[in-house]
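Let's take a look at this protein together, starting with its outside and then moving on to its charged side chains. Here it is.

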Amino acid sequence: WACGPPGPQRRLSGPALGIEELCQKREELCRQIQQEEDEKQRLQCEVRQLTERLARVNETLARKIASRNEFDRTIAETEAAYLKILESSQTLLSVLKREAGNLTKATASEQKSSGGKDS
């Protein structure tokens, strides 16, 4: 029995009608299977494209994170160096003020001791 349409002179009844109904159900099932296979193929293609896109995004993300980490390191080193310079300049300023005070005292002391003699 072939599941094709019956010939024009063949009239279906009884078991032949049941077989014809089964053939129609089979054809419908075949159509649904083909639709789902097409959908599966489309989805697999999308998954492949998304996987490739994800790989590219991961690569650029890794490069950007590495760059950001390098910026963080450079900023931290620069801030540390700046703080050392600031601390050194404050120390230098303190030494300068102390030495200026010592020189002022020494000059004032010399002027007092030689104050009457030079005039």
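Start with the surface: the accessible area of the protein adds up to about 10,800 Å², and 58% of that belongs to carbon and sulfur atoms. Keep in mind that what you're looking at is a predicted model.

So how much of the protein is buried? Of its 119 residues, just 3% count that way. The fold itself is quick to describe, with one helix and zero strands. That helix is called α1, and it covers residues 15-118.

**A nonpolar patch**

Which residues make a nonpolar patch on the surface? V57, L61 and I65 do, and their patch takes up about 230 Å². Look at L61, which sits in helix α1. With a relative accessible area of 44%, L61 is partly exposed. A patch residue needs over 30% relative accessible area, so L61 clears that bar with its 44%.

**Charged pairs**

Now for the charges. Side chains of opposite charge can pair up when their charged atoms come close. How many salt bridges does the protein have? The count comes to seven. Here are three of them:

| Salt bridge | N to O distance | Relative accessibility |
|---|---|---|
| R31 and E28 | 2.3 Å | R31 40%, E28 31% |
| E70 and R73 | 2.3 Å | E70 39%, R73 39% |
| R98 and E99 | 4.0 Å | R98 48%, E99 38% |

Let's walk through these pairs. R31 and E28 bring their closest N and O atoms to 2.3 Å from each other. The two residues are three apart in helix α1, which means that about one helical turn separates them. R31 counts as partly exposed, and E28 does too.

Further along the chain, E70 forms a salt bridge with R73, and again the closest N and O atoms are 2.3 Å apart. Both residues lie in helix α1, with a spacing of three residues, or about one turn. E70 is partly exposed at 39%, and R73 is partly exposed at 39% as well.

In the last pair of the table, the side chains of R98 and E99 meet with 4.0 Å from N to O. R98 counts as partly exposed, and so does E99.

Salt bridges can also link up. Which residues form a network of them? Look for E39, R42 and E46, which are joined by salt bridges in this way.

How values were computed:
Residues are numbered from 1 along each chain as its sequence is written. This is a predicted model: local features need pLDDT of at least 70, side-chain atom pairs count only at pLDDT 80 or more; totals for chains, interfaces and linings use all residues. Side-chain values use heavy atoms; hydrogens and water are left out. Patches are made of residues with over 30% relative accessible area and no salt bridge: like charges are joined within 9 Å, nonpolar side chains (Val, Leu, Ile, Met, Phe, Trp, Tyr) within 5 Å. Accessible areas come from the Shrake-Rupley method with a 1.4 Å probe; for residues, only the protein chains shown count as cover. Helices (H or I, at least four residues) and strands (E, at least two) are DSSP runs, numbered from the N terminus. Buried means under 20% relative accessible area, exposed over 50%, partly exposed in between (1.4 Å probe, protein chains only).
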